Amino acid sequence: MNLDKVYVVTDNCIWDDEDYSQIVGIATTKEIANECFKKYVERVKEEIDIDNLDISENGIDDGYIVEEDEDYFSVYKNGEYNSYHIYISLYEKELIRESEMALE
């Protein structure tokens, strides 16, 4: 197997001023990483009880802002990002081989 890249799922999380950031998973295929990402996002949504969060509809009040796409999920308290935020992302990273680094 010629491994030139990996897919990484991370969770950058500060909640109640506590840092819970972590690498959630690393995969050699995008399909496996997507599965990991989706399962983790669903688990986090359950843990924070997203259906009962005070979601800000217009971004003006102090409720929570939720943003989501195929490769990220974000929820944060409007005006208090430093104390309450979760940013889960899936990204691709190129691998640098040791022999290539030695040539530089």
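Is Asp54 buried, exposed or partly exposed? Asp54 counts as partly exposed, because its relative accessibility is 46%; here buried means under 20% relative accessible area, exposed means over 50%, and partly exposed lies in between (1.4 Å probe, protein chains only). The legends below take you through this and other close-ups.

The model is predicted, so local features need pLDDT of at least 70 and side-chain atom pairs count only at pLDDT 80 or more, while totals for chains, interfaces and linings use all residues. Residues are numbered from 1 along each chain as its sequence is written, and side-chain values use heavy atoms, with hydrogens and water left out.

**View 1. A patch of negative charge on the surface, with Asp54 as one of its members.** Asp54 sits in the loop between helix H1 (30-47) and strand E4 (64-69); helices (H or I, at least four residues) and strands (E, at least two) are DSSP runs, numbered from the N terminus. Gathered with Asp54 in the patch are Asp16, Asp17, Glu18, Asp19, Glu57, Asp61, Asp62 and Glu80. A patch takes residues with over 30% relative accessible area and no salt bridge, joining like charges within 9 Å and nonpolar side chains (Val, Leu, Ile, Met, Phe, Trp, Tyr) within 5 Å. Asp and Glu count as negative and Lys and Arg as positive, with His and the chain ends not counted. Each charge is placed at NZ of Lys, CZ of Arg, CG of Asp or CD of Glu. The accessible areas come from the Shrake-Rupley method with a 1.4 Å probe, and for residues only the protein chains shown count as cover.

**View 2. Salt bridges along helix H1, beginning with Glu35 and Lys39.** A salt bridge here is a side-chain nitrogen of Lys or Arg within 4 Å of a carboxyl oxygen of Asp or Glu, and by this rule the count comes to five. Glu35 pairs with Lys39, their closest N and O atoms being 3.1 Å apart. The two residues are four apart in H1, about one turn of the helix. Glu35 is partly exposed at 46% relative accessibility, whereas Lys39 is exposed, with a relative accessible area of 56%.

**View 3. Further along H1, Glu42 meets Lys45 and Arg43 meets Glu47.** The N to O distance between the side chains of Glu42 and Lys45 is 3.8 Å. These partners are three residues apart in the helix, again about one turn. Which of these two is buried? Lys45 counts as buried, at 16% relative accessibility, while Glu42 is partly exposed at 42%. For Glu47 and Arg43, the closest N and O atoms are 3.3 Å apart. Glu47 is exposed, at 57% relative accessibility, and Arg43 is partly exposed at 44%. Salt bridges with shared partners also link Glu42, Lys45 and Glu68 into one network.

**View 4. Strand E5 (residues 72-77) between its two hairpin connections.** Five of the six residues of E5 are buried, so the strand is largely enclosed by the rest of the structure. E4 and E5 run antiparallel and are joined by six bridges; two strands pair if DSSP finds at least two bridges between them. Asp69 has Tyr72 in E5 as its bridge partner, and the hairpin from E4 to E5 passes through two residues. On the other side of the turn, E5 and strand E6 (residues 84-94) form a hairpin with six residues between them. Gly79 in that turn has a positive phi of about 85°.

**View 5. Strand E6 and its antiparallel partners E5 and E1.** E5 and E6 pair over five bridges. Ser74 has Tyr87 in E6 as its bridge partner, and Val75 stands opposite Ile86. In a regular strand the side chains alternate between the two faces of the sheet. E1 is joined to E6 by 11 bridges, with Val6 facing its bridge partner Lys93 in E6.

**View 6. Leu3, in the segment before strand E1 (5-15).** Leu3 counts as partly exposed, at 29% relative accessibility. The C-alpha atoms of Leu3 and Glu35 are separated by 20 Å, and the two residues are 32 apart along the chain.
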